[in-house]
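Biologist: I've got a model open and a pile of labels I don't quite trust. Can you walk me through where they come from?

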Amino acid sequence: MDNTKNLKRPPKGWDRSGLPGWTYHSSALLDLEIEMFKTHWQVACHISDIPNIGNFKTFDLCGERAIILRDTNFDVKAFHNICRHRGSRLVTKDQGTCKNALICPFHGWVYNLDGTLRGASQPKSFPPLDKNEFSLRTVEHEIWNGFVFVRFKKGPQPSVKELLNKYEAEASGYKMSEQIPTDGFWTETSPVNWKSIRDVDNEGYHVAMAHPALQDLYGSNYYDESYKDGISRSEGKFTASKGRHWGVRNYKKFSKPHKDLPKESNQTWVYYGIFPNSVIAMTPETSLFYQEFPISTDKSIIRSATYKYPNEDRQQKVARYLASRIDRETVVEDKQLTIWSNESMVSDAFDGFYLSDLEYGVRTYHDHLRAILPIYNIQKTPKESDIRDLNKSLIDNRYQ
Ligand code: FES
Ligand SMILES: [Fe+2]
């Protein structure tokens, strides 16, 4: 089970250690990480989740909440899901349709779909209200190949288009903006620090041992470009073997070249990692995204959705079903790995990671984290009350 044949060797003498254990259970650090999440692009949904005027999808992230909706001009808009009166959620469902207005469930203020205030209930109880001044606050958003990204606060990343530019030619071949939802959103809570999920996802070394189906599908052909400028790319070209695993054997049989896809994109699964916590993946039958968010230092949410071609035929449908079975199996296996990895972080006997060349992606991802929050470089557990100031002084020192 040697998966090194496509490996581009990392620089000689690279530092094979990971982040110090304390960073996986520090509440003060989590506060800084949450700020990082808010200043980075997040995948909120796909345009096909809100195909008609008035359709909305909500997206909550560490205390922030957005509504992504289709307005009367058919444009996609993103607003904070916060009423301008006293801050109530305007829509309480995860997904739905508002006829031609958003009506706050608290006291009944009404907003147009373009976010302007249509009116307060019992307006005589207020001085005259400026409809624009009391508009819903917008959330920055950008659509990339059908996926709607939002960013709650300005941050260090460029636009999503610029961020993913080097893969634009490949991504556009999949025509993902024409795809439609399969079976809605999937969310799950996991009893681990969010970074343990990312650590497992950022390397293919564990595939040979822990993912029999993926190993059977593409194991020795797996190849990745580690994180650089906030993006990573991994691909698994199907191996020539028929497949021993029932699902893989049948998937390889049914997955046929998609007529719109270039030859090199068929028989391949491709994953784009988008710093800090999202992945968009493509197979010949589907595209999907997944991401994780912290709830606390030892609890995270994983959120995901899958999209398909609107004109899929029966064979593609079967292949998509089989692909999703392989994927589901992988998710269950990964969940266990994240638990085993995370629980070691509180043991005094754990000496930290010693990474393989096949885990260089973990290192480059951690380098990205360290670039944003240099406190990750501190090996000895700092006092919780010192973490914020210490991080700030490390940033300030960079510029001296
Ligand atoms: S909080 Fe929305 S109407 Fe009062
Ligand atoms: Fe995995």
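Modeller: Sure, and keep in mind that this is a predicted model. Let's start with Phe 350: leaving aside its neighbours within four places in sequence, Phe 350 is in contact with Gly 21, Ser 344 and Met 345. Phe 350 is found in the loop between helix H8 (314–343) and helix H9 (360–372).

Biologist: What makes Phe 350 count as exposed?

Modeller: A residue is exposed if 12 or fewer other C-beta atoms lie within 10 Å of its own. Phe 350 has 11 C-beta neighbours inside 10 Å, so Phe 350 counts as exposed.

Biologist: And how far is Phe 350 from Phe 56?

Modeller: Their C-alpha atoms are separated by 46 Å, and the two residues are 294 apart along the chain.

Biologist: What does Ile 68 touch, leaving aside its neighbours within four places in sequence?

Modeller: Ile 68 is in contact with ten residues' worth of names you can click through, including Ala 44, Phe 56, Phe 59, Val 76, His 141 and Val 148. Ile 68 also belongs to the largest nonpolar core, which has 80 residues. Along with Ala 44, Ala 66, Ile 67, Phe 149, Phe 289 and Ile 326, Ile 68 touches the most other members of that core. At least three residues of the core come from each of domain 1 (1–39 + 180–400) and domain 2 (41–154).

Biologist: Why is H1 called oblique to H10?

Modeller: The axes of helix H1 (residues 27–38) and helix H10 (residues 387–398) cross at roughly 55 degrees and come within 9 Å. Angles under 35 degrees would be roughly parallel, and roughly perpendicular runs from 65 to 115. The crossing fits neither, so H1 is oblique to H10. Where they meet, Ala 28, Leu 29 and Leu 32 in H1 face Ile 387, Arg 388 and Asn 391 in H10.

Biologist: How do you know that E9 and E10 pair?

Modeller: Pairing takes at least two bridges. Strand E9 (residues 140–144) and strand E10 (residues 147–151) have 5, in the antiparallel sense, so they pair. Glu 140 stands opposite Arg 151 in E10. Their hairpin has 2 residues between the strands, and Asn 145 takes a positive phi near 45 degrees there.

Biologist: What makes E6 and E8 edge strands?

Modeller: The open sheet has 3 antiparallel strands in the order E6-E7-E8. Strand E6 (101–103) and strand E8 (117–119) each have a single partner strand, so one side of each is left without a neighbour in the sheet.

Terms used:
Residues are numbered from 1 along each chain as its sequence is written. Chains are lettered from A and ligands numbered from 1 in the order in which they are written. This is a predicted model: local features need pLDDT of at least 70, side-chain atom pairs count only at pLDDT 80 or more; totals for chains, interfaces and linings use all residues. A nonpolar core is a set of buried Ala, Val, Leu, Ile, Met, Phe, Trp, Tyr and Cys residues joined through C-beta atoms within 7 Å. A residue is buried if 20 or more other C-beta atoms lie within 10 Å of its own, exposed if 12 or fewer, and partly exposed in between; C-beta atoms are placed from the backbone. Domain bounds come from an automatic or database domain assignment. Two residues are in contact if their C-beta atoms, placed from the backbone, lie within 7 Å. Helices (H or I, at least four residues) and strands (E, at least two) are DSSP runs, numbered from the N terminus. Axes are lines fitted to C-alpha atoms, for helices over the stretch in contact, and angles run from 0 to 180 degrees between N-to-C directions. Angles under 35 degrees count as roughly parallel, over 145 as roughly antiparallel, 65 to 115 as roughly perpendicular and the rest as oblique.
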